[in-house]
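Work through the exercises below with the sequence and the coordinates at hand, and try each task before reading its solution.

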Amino acid sequence: MGASDFASLPHIGEAYKRKEDYRFVTGSGQYTADVVLERQAHAVFVRSPHAHARINSVDVAAARAMPGVIGVFSGKDIEGKMGGLPCGWLINNPDGTPMKEPPHPILAISKARYVGDHVAMVVAETLEQARDAAEAVQVDYEVLPALVSVADAAKKQGTITLHDEAPDNQCYKWALGDKAAVDAAFAGAAHVTRLDLVNNRLVPNAIEPRVAVASYSRATEDYVLYVANQNPHVERLLMTAFVLGLPEHKVRVIAPDVGGGFGSKIFLYAEDVALTWASKQLNRNIKWVADRSEAFLSDAHGRDHVSHAEMAMDKDGKFLALRVHTDANLGAYLSTFSTAVPTILYATLLAGQYTTPQIYVEVDAWFTNTAPVDAYRGAGRPEATYLLERLVTRCAWDMKLGQDEIRKRNFITQFPYQTPVALQYDTGDFHAVMDKARALAEVDSFAARKAESEKNGKLRGIGYSSYIEACGLAPSNIAGALGARAGLFECGEIRVHPTGSVTVFTGSHSHGQGHETTFAQVVAARLGIPVENVDVVHGDTGRVPFGMGTYGSRSISVGGAAIMKALDKIETKAKKIAAHLMEASDADVDFANGEFSVKGTDKKIPFGQVALTAYVPHNYPLDKLEPGLNETAFYDPTNFTFPGGTYICEVEVDTATGEVKVDRFTAVDDFGTLINPMIVEGQVQGGIVQGIGQALLENCVYDNESGQLLTGSFMDYAMPRARDFPQFKLDTVCTPCTHNPLGTKGCGEAGAIGSPPAVINAVLDALAPLGVRDIDMPVTPNRVWDALHGAGKA
């Protein structure tokens, strides 16, 4: 079955209400914090108050003597008993040498390297007792100078060193593209546009903080870890194979309902390992629940790039070559996928939607005394889009062209299209997306709205962003060649019950995306049964075959495709049973809309009858078919999927206060086949909200001297509210993906990728008459005020 056949089935493209929402809105969801085990103790972590300090000693004697305390562990207690946290992606330098990969200890041993670094763990009968004992742990710190920014990491090489394994504080220098060809294109260019940008650091801030509950059974020598995580199989693999050295079949990881992730819950964290190990040492079940302050300090952060970009053009504004240098902040340690974000997931998207013939990008990645930086909604794709779309709009202004016109002159129109930065796009229609976005945004009447704003003493600007992203993360052979230390396939298992109802087991994980509904729609559409007759199970390594989890907008295009392959097997077997029942050859049996029929006859039987027959062996020959109708399949795609879109933002700027108001926002996306447009719309709206949040409000800030986190709570870290947004105008164009059976492309990160440059381009368009050419995110009233009074003028 091809994508076009699938898209025409009942249930596909229908806005079913999410099946899982009833339990959420009625408070019946079961989250990790809801897990309460017998003899459950509580853990609290002692965290470094210093960004960079030598640990001379950790005295736990007083803490161990306190009421209710079961155990106290420091780095010295676990040294040599387990490995450190692994990094899942190897990046090589241009000369072929591997990146520097210093150890990431579960509990700090000789040094603390960021405020919040794990120094000791206290386990007690109650949470209050654990907190009291944690305060009694005495740590002798020798405070050292700290590095916070990539500029300081580069400038202070040799004077401040975080890791002996990286004395220059540089993890790697990485490059992609033909430098000589790019330099030649620049030499012959009619015009070169240059731009310096900062992509501000963000704190993910899912509603549910990280939680872990660990259990050990001496009777079976089995471990169970309940954890708020996006990919439990990967968590188990990393923890058993690389850290604890345990047999994988002895560890079960369960990720129940998860209250948001956005990437920050992909990774293996030190707390998960420490609790699992300690559950055996103490023979107790142990729970740890992060409070919001811990989440700010220790969850992996996102973004934090400083870049210089240049575009070479001919006299008509056609792009000839792009040249980029980026300094990426990795934080104090390498997180699970951190090294891939500023390289493989970033530089390979710098072609965008444009036919730029040559691109060369260099990335320097640095260690600093800050929390580790890793994937956050979009993971490299927002950083690439922000740089490129800011630069393209600047090119338009330099060439005295409209923001839409310069994009149209450079759009890719022929597919498949091989970019100069490794990726090959299979399909798209960027002109159609742009045209629909312009019409929906009512661009032709923008001048009238601008004049009306001026009458009211406000400045109005319009900003464009035309993004493309590579998602459906895979395929394994390409990812492996680029440094991935794991496959990126997905698994699906279908169990058809005797009554014809179905249970789906998927390696994808749902933490707000609506998989229990969309995956049920896929199965119901294919088998011709009610959506209500399909249950979806995920998040438990003890029940689900090995899968790679949810991130990179891969669930439906990779996980859904695995389910389709399992359904292919079920249909093949079911046709044999139906053929036997109808006394025909299985080659003559068709299956559509839940019925098997014999070609050229009126013979037909429903799917439910075939399902029952599969479990009544005397009704068909056992020598040819086994009983049952269950199948499992793995899917490893041949390429990424490439959703794209054009976003148009209009802002009003109050010059008296510096306040920026997003007055209009239009988003038109191409996600290929839509399974459930209501869920897609929700995903896009959520992403746009996060993107506008980054553009206008959110900013993770460390003190440059002490390394203290200055934005350590919602008192200092501004999150967007409903009143900060207009009613979004959303629409889609469909060019189905050509290499997966669903024709889907992925939608979960698009809003966060496309929106920040649209907002900033709109702000700069509004401020341009006053001479402001640059401004960094977040565009707070204070920054606008400074820009208007000279600090940001070119």
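Two exercises on a predicted model follow, each with a worked solution.

**Exercise 1.** Describe the interface between domain 1 and domain 3, starting from the domain bounds and ending with the residue classes on the side of domain 1.

Solution. Begin with the domain assignment, in which domain 1 comprises 3-29 + 489-635, while domain 3 comprises 305-474 + 639-788. The centres of these two domains, taken over C-alpha atoms, are 38 Å apart, and the contact involves 29 residues from domain 1 and 26 residues from domain 3.

Next, consider the area: about 2000 Å² is buried between domain 1 and domain 3, and carbon and sulfur atoms contribute 67% of it. Turning to specific interactions, one counts zero salt bridges between domain 1 and domain 3, but nine residue pairs in polar contact, both residues being at pLDDT 80 or more.

Then assign the side of domain 1 to elements: those giving two or more residues are α1 (3-7), α16 (515-527) and α17 (555-581), and of these α17 gives the most, with six residues. Finally, sorting that side of domain 1 by class yields 13 nonpolar, twelve polar and four charged residues.

**Exercise 2.** Decide whether D404 is buried or exposed, and list its contacts beyond four places in sequence.

Solution. First locate D404, which lies in helix α12 (residues 403-410). Its relative accessible area is 16%, and because buried means under 20%, D404 is classed as buried. Lastly, once neighbours within four places in sequence are set aside, D404 is in contact with M434, R438 and Y464.

How values were computed
Residues numbered from 1 in each chain as written. Predicted model: local features only at pLDDT ≥ 70, side-chain atom pairs only at ≥ 80, totals over all residues. Heavy atoms only, no water. Domains from an automatic or database assignment. Contact = heavy atoms within 4.5 Å. Buried area = accessible area lost by both parts, 1.4 Å probe. Salt bridge = Lys/Arg side-chain N within 4 Å of Asp/Glu carboxyl O. Polar contact = N/O pair within 3.5 Å; in protein donor to acceptor, adjacent residues only side chain to side chain. Helix = DSSP H or I, 4+ residues; strand = E, 2+ residues; numbered from the N terminus. Nonpolar A, V, L, I, M, F, W, Y, C, P; charged D, E, K, R; others polar. Buried < 20%, exposed > 50% of the residue type's maximum accessible area, 1.4 Å probe, protein only.
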